[in-house]
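Please open the structure in your viewer and keep the selection tool at hand. This tour goes from stop to stop, and at each one it says what to select and what is there.

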Amino acid sequence: MKRLSAMFGVAVLALATCECLKAAEVSNSTPSQPAGLSTIASSAAKASSTGSDQPAYINDLIHQNWQAQGLQPSQSAADGEWCRRIYLDVLGRIPSVDELEHYLRDHTAQKKQNLVNRLLSDEYVEDYARNWSNIWTTILIGRPPQMRDKRALVNREGMEKYLRDSFARNKPYDQMVVDLITANGANKPGEEDFRGEVNFLIGNLDDNGVNATAKTAKVFLGLQVQCTQCHNHPFNDWKQNQFWELNAFFRQTKAVREGPRKTPEPISELVSRDFNGEPDSRGATNPAQAILYYELRNGQLKSAFPVFVDGTQINPDGRLSTVNRRAELAKLVTSSPSMGEAIVNRMWGHFLGYGFTKPVDDMGPHNPPSHPELLAKLATDFGSHGHDLKQLIRWIVLSQPYGLSSKMVNGVNDKDDPAKGEKPMFSHFYLRQMQPEELYDSLLVATAFDKTLRSADDQDQNRTQWLRQFTIAFGTDDGGDTTTFNGTIPQTLMMFNSDLIRKATSTSPGDFLDQIANDRTMSNADRINRLFLATLARKPTHEEIEWANKLLEARKGDPVGALQDVFWVVLNSGEFILNH
Amino acid sequence: MNPCNCSSSMSRRHFMAHLAGAAAMATPAIAFTNSLLASAADLKKKNKACIMLWMDGGPATIDMFDMKPGSATAGQFKPISTKVDGLQICEHLPQLAGQMDQLAIVRSMSTREADHGRGRYYMHTGYVPNPTIEHPSYGAVVAHELVSQMPQLEIPPFVSIGGSSIGPGFLGMTWAPFVVDSNGDVKNLNPGGGKDAMERMHQRLTVLGSMEEDFINEHRGEAADDHFRVLKKTVNLMTSKQMAAFKVNTEPAAMQEKYGKTAFGRGCLMARRLVEAGVPFVEVDMGGWDTHQNNFTTLEKQKLPELDKAMSALIGDLKDRGLYDSTAIVWLGEFGRTPRINGNAGRDHYARAWSVVVGGAGFKRGAVVGATNEDGTQVTTDPYTSQDLMASVLKSLGVSLNTTFTSNNGRPLKIANSGKVIKELFV
């Protein structure tokens, strides 16, 4: 069975790379596969949709480590827990009560595969695309700054549009990497030559593109090189010349501002121009050997030509008619094993809470992975399956480690605690907090907010506006930012008193709580049930029913008010805000 | 008034009693803490505090505190005399020049982190970034050590104005910086809705408390405990009169003018108010120092006047109020800037030789520690690191350098990463 899958895998790869060169429509028939595949590949799609090519080695290699560490895994997560977890991790929001009950009613052996396939199918394509666009926008260009910078070269909506489109059609990951590295065009949607992906590089070209160099290496190859701009890296093997040799690939890239300066949203273009090389001491340049110079710490000048991180040199000609340096770079990146390992590490970290290295984008001999064989195998399989992100997701979420409870067992696996600096063994799920985007979208779901009433664009703008309050950017040249949304007092104040929570717990006629309170088909018990299912994906315990009833009693004459109290409490619980 | 003597771990019967009597409760009881109103006398006690003035981007200290007139690296500014014999600083810091007898300069800082992120982390924690440990920053450490001197403090012991500082690392979210902007506005502070709203809030919080405990007892991880801890801190904050300390705009106009009506000026004024209220650590951020281009224009026209006005006002104000001898001042950035001036009239990152300024608390007044060579490229005396600076700051506050913490992976870590005290900073 395994060898057949391998064959199908190769077929899928060939067709996937073909398809991504055309603008394929997402087909309605085959779930989550690029359109227009032959019947062989369709069978592969069907086979993978029943999970029959779930790599057994994922569980095996994790088990091996458990045995080596003398660990036993926790029990499996409860059904409701697992359902909530996977909705959060795949779609960035909790399930609605209907969605939860739908899952709970499936008593077949394939219940998990069934749900996973639905989440990765057209049924949820909008939620899926929006969630992964949020995630990758943050990775590529950071969170929205507090103050909207009108003069910025980066057009956030443009970046989001590219990502949403790409995830909606499940564009193979390697193709996305090629897009992000090589594209030229306008940054703003609506422009004739709009290419949203230019927004990645366009804001990183200052200073001869040192940030573009650093970010490309970090995001796509898992290599942290920014220190080596000035000297050899203190911990890993990177040398200063390697940084500048990588930087040389970006020297044909320019950002050009269009239109009069005073326009509210300036349009910028990313273009490629010939690079004639930096002038030598006599002021002469040699485009056929387009050189760049960098300074050692002692002031001595050194030269660099484009050389990739693995030592591959390319033709040093800087003229586009001979060599397109970014196109060459994209080829080198996408055929590097580091690319596959970096994305697998990142995705594993997204779902399991920790990658195989910490941080996920600092890989190398100085930071050995916790499960090197698993990382390498998954990366290889990912490549031979057309760099299909949905397939990778399927493998990860249907694995045993992803299905475990977060409850640790005293003396058995509580030493498996990466928060204390240990390498993760994945013997239980790791608690983690929702990202602010997830919180926002989950609140919409919990209050059964009717999405047809407002366009997705409106929702995005509101979310972005709400997110700004949490971002504090450093005004420095590396564009780093941090978020204060991380278990602190301001976040708690927001959950207590903000407009968002006020709206979510509103008791105005027609709102969620009012509807439940006035639904004559529901008993008090039903109502409390519903609030818990909508937020925590479980029914209340006896104790919780007791205090809820006491609240109802204390507020006799104001049943909606009592429900509001209960709702406010569950929304502010650790259990709500934590992904468990 | 019905003060509740609840401990933070509440028994079921107790909160049920609360609910039963909910309707009968006339005034809200503070369910989560035993906090009493801070007595005025206690607030006036001279608790130790630290104000960190963080210059984000890496200030060109070679143009400010360790000038090289006559050298190829001298730049465009001229030095002027100060209150300290033989000591000269930049002509664009005239007010600070008149206060140098209250401050001390360390000109022999020599560190190795010239990347913003790494430099920020290193200068805030005394450690270089490490994938397995998140180290606590100055603020978390000082707050942790000094908070017990002020048991009635209801507002956070670590406040960061205008920036996010570095977090508390393995000390836990309890010691995270409380971030406010320079207007002192704390978002979402009020539940709104008047007197009834507070009472309702307390009833809800009682119930929430029991939910939190149940979740914690399921033994899923520290994050659950952290969540509850922060909940309690938030409640204390909401109900505290000490929050008035943030209201910088209630200061008399003359005082606001003295500090300057800039974000940094307001931040420094707020820092003084917070220290008066008993907060042990305040960080005030000032950005825009990353002068790879137009170093001299930027410094002369914007950064130095703003800094000079606000910092000198702060020092004068602390002295006037008798707070200077119990408050350590630390002025620094991630690193300094290159002696060599680049092609854009700027200076780039330089960690090999740079300066920091300290003052107040137990520091020697008017000291000039260490020296650099003629063009400022090298330190010619004992070089000092972030750990050494941190050890010195802690000593000036009376914190024992034998203190150890247990990091998240169980390893004991000496406070200030075993840095050695810069002895020339002390009498």
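How many helices and how many strands does chain B have? Bear in mind while you look that this is a predicted model; if you select chain B and show it as a cartoon, you will find eleven helices and 14 strands.

**The whole of chain B**

Keep chain B selected for a moment, since a few overall values help to set the scene. Of its 427 residues, 55% count as buried, and among the contacts in chain B with a separation of 6 or more, 74% are between residues 24 or more positions apart.

Next, colour chain B by domain: domain 1 is made of residues 42-184 together with 253-425, while domain 2 covers residues 188-246. The centres of domain 1 of chain B and domain 2 of chain B, taken over C-alpha atoms, are separated by 34 Å. Where the two meet, eleven residues of domain 1 of chain B are in contact with eleven residues of domain 2 of chain B. Select helix α9 of chain B, residues 263-277, to see the element that gives the most to the domain 1 side of this meeting place, with four residues.

**The eight-stranded sheet of chain B**

Now select the strands of chain B that lie side by side in the order β6-β5-β7-β1-β8-β11-β4-β12, an open sheet of eight strands whose pairing is mixed. At its edges you will find β6 (178-180) and β12 (368-369) of chain B, each of which pairs on one side only.

Within this sheet, highlight strand β1 (residues 49-55) and strand β7 (residues 281-286) of chain B, which run parallel and are joined by six bridges. If you show the residues M52(B) and E283(B), you will see that M52(B) stands opposite E283(B) in β7(B).

Move on to strand β4 of chain B, residues 103-109. Is this strand largely enclosed by the rest of the structure or left open, and why? A residue is counted as buried when 20 or more other C-beta atoms lie within 10 Å of its own, and seven of the seven residues of β4(B) are buried, so the strand is largely enclosed by the rest of the structure.

Strand β4(B) also has a partner to inspect in strand β11 of chain B, residues 354-360, with which it pairs in the antiparallel sense over five bridges; here V106(B) stands opposite V356(B) in β11(B). With β12(B), by contrast, β4(B) runs parallel and is joined by two bridges, and there I105(B) stands opposite V368(B).

**The nonpolar core**

Which two residues touch the most other members of the largest nonpolar core? Select L53(B) and V358(B), which do so among the 249 residues of this core. Helix α10 of chain B, residues 295-320, gives the most to the core, with nine residues. Centre the view on V358(B) and, leaving aside residues up to four places away in sequence, look for the residues that V358(B) touches, including L103(B), A104(B), I329(B), F363(B) and L425(B).

**Over to chain A**

Select chain A and find its open sheet of three strands, in the order β1-β3-β2, where the pairing is antiparallel. Strands β1 (185-186) and β2 (253-258) of chain A stand at the edges with a single partner strand each, so one side of each is left without a neighbour in the sheet. Between β2(A) and strand β3 of chain A, residues 267-272, there are six bridges in the antiparallel sense, and T253(A) stands opposite S272(A).

Go next to the loop between α13 (337-352) and α14 (372-384) of chain A, where P359(A) lies. The peptide bond that joins K358(A) and P359(A) is cis, with omega of about -5°.

The loop between α21 (524-536) and α22 of chain A holds A537(A), which has a positive phi of about 60° although it is not a glycine. Is A537(A) buried or exposed? Because it has 27 C-beta neighbours inside 10 Å, A537(A) counts as buried.

**A last stop at helix α22**

Finish by selecting helix α22 of chain A, residues 542-554, and showing the side chains of E544(A), W547(A), A548(A) and L551(A), which are buried. These residues cover an arc of only 100° around the axis, which puts them on the same side of α22(A).

Conventions: Residues numbered from 1 in each chain as written. Chains lettered and ligands numbered in written order. Predicted model: local features only at pLDDT ≥ 70, side-chain atom pairs only at ≥ 80, totals over all residues. Buried ≥ 20, exposed ≤ 12 C-beta atoms within 10 Å, placed from the backbone. Arc of directions from axis to C-beta. Contact = placed C-beta atoms within 7 Å. Core = buried A, V, L, I, M, F, W, Y, C linked by C-beta atoms within 7 Å. Pairing = 2+ DSSP bridges. Domains from an automatic or database assignment.
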